[in-house]
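Student: I am new to this structure and should be grateful for a close look at one part of it. Please begin with the aromatic residues and then relate them to their surroundings.

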Amino acid sequence: MENPITYLEAIIKPLMSNPEAVKIENKVDEMGTLLTITVAKEDMGKIIGKAGEAIQAIRRLIHQWGMTYQSRISIKISEPLLK
């Protein structure tokens with residue numbers, strides 16, 4: 001798997017109640033890659049987890065993936081739009 005977005009989707013989508021609402025944006029600059037995750041409002045708690053444990057585990061997995069491919073990858077969670 002040479003695409004961090006595909007790897008991140010494989011981790012996140014099975015955890016969500018509404019997996020089709022998961023969107024990941026990729027931004028590359030001189031600092032590395034920034035992946036911005038947007039999920040449905042009702043899934044925000046699932047991606048963050050209790051005391052932020054879930055997102056920290058996801059960040060550790062992505063960091064390890066990035067080290068494998070000599071790439072610095074950061075994750076940001078975008079707040080869902082209220083409808």
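Tutor: Tyr 69 is partly exposed, because its relative accessibility of 34% lies between the limits for buried and exposed residues. This value, like every other one here, comes from a predicted model. Tyr 69 belongs to one aromatic cluster together with Tyr 7 and Trp 65. Within the structure, two aromatic pairs are counted. In one of them, Tyr 7 and Trp 65 are stacked, with 6.1 Å from centre to centre and 20 degrees between the planes. This pair links distant parts of the chain, since Tyr 7 lies in helix α1 and Trp 65 in helix α3, 58 residues apart. Trp 65 itself is buried, because its relative accessible area of 9% is under 20%. The rings of Trp 65 and Tyr 69 have their centres 4.5 Å apart and their planes at 40 degrees, so this pair is classed as tilted.

Just after Tyr 69 in the numbering comes Gln 70, found in the loop between α3 and β3. Its phi is near 50 degrees, a positive value in a residue other than glycine. In general, most residues other than glycine have a negative phi. Gln 70 counts as exposed, because its relative accessibility of 70% is over 50%. A second residue of this kind is Ala 51, whose phi is near 60 degrees, again positive although the residue is not glycine. Ala 51 lies in the loop between α2 and α3, and with a relative accessible area of 78% it is exposed.

The helices that hold the stacked rings also contribute to the interior. The largest nonpolar core has 18 residues, and Leu 8, Ile 12, Ile 37, Ile 47 and Ile 58 touch the most other members. At least two residues of this core come from each of α1 (4-12), β2 (32-38), α2 (44-48), α3 (53-68) and β3 (73-78). Ile 47 illustrates how these elements meet: leaving out residues up to four places away in sequence, it touches Ile 12, Met 16, Ile 37, Val 39, Ala 54, Ile 55, Ile 58 and Ile 77.

Lys 46, in helix α2, offers a contrasting surface position. Lys 46 is partly exposed, with a relative accessible area of 38%. Apart from its neighbours within four places in sequence, Lys 46 is in contact with Leu 15, Met 16, Ser 17 and Ala 54. Lys 46 and Met 16 are 30 residues apart in sequence, yet their C-alpha atoms are 6.9 Å apart in space.

The strands may now be added to the picture. Three of them form an open sheet in the order β1-β2-β3, with mixed pairing. β1 and β3 are the edge strands, each pairing on one side only. On average, neighbouring strands of the sheet are turned by 20 degrees against each other, direction ignored. Helix α1 packs on this sheet and touches β1, β2 and β3, its direction making about 35 degrees with that of β2. Strands of a sheet pair through backbone hydrogen bonds, either parallel or antiparallel. Here β1 (residues 23-29) and β2 run antiparallel and are joined by seven bridges; these two strands form a hairpin with two residues between them. Asn 26 stands opposite Leu 35 in β2, and Val 28 stands opposite Thr 33. On the other side, six bridges join β2 to β3, and these strands run parallel. Ile 37 has Ile 77 in β3 as its bridge partner, and both of these residues are also among the contacts of Ile 47.

Strand β2 is mostly covered, with five of its seven residues buried. Thr 33, which is found in β2, counts as buried because its relative accessibility of 12% is under 20%. Not counting residues up to four places away in sequence, Thr 33 touches Asn 26, Lys 27, Val 28, Ser 71, Arg 72, Ile 73 and Ser 74.

Technical notes
Residues numbered from 1 in each chain as written. Predicted model: local features only at pLDDT ≥ 70, side-chain atom pairs only at ≥ 80, totals over all residues. Heavy atoms only, no water. Core = buried A, V, L, I, M, F, W, Y, C linked by side-chain atoms within 4.5 Å. Buried < 20%, exposed > 50% of the residue type's maximum accessible area, 1.4 Å probe, protein only. Helix = DSSP H or I, 4+ residues; strand = E, 2+ residues; numbered from the N terminus. Contact = heavy atoms within 4.5 Å. Pairing = 2+ DSSP bridges. Axes fitted to C-alpha atoms, helices over the stretch in contact; angles between N-to-C directions. Phe/Tyr/Trp six-rings, centres within 6.5 Å; stacked < 30°, edge-to-face > 60°.
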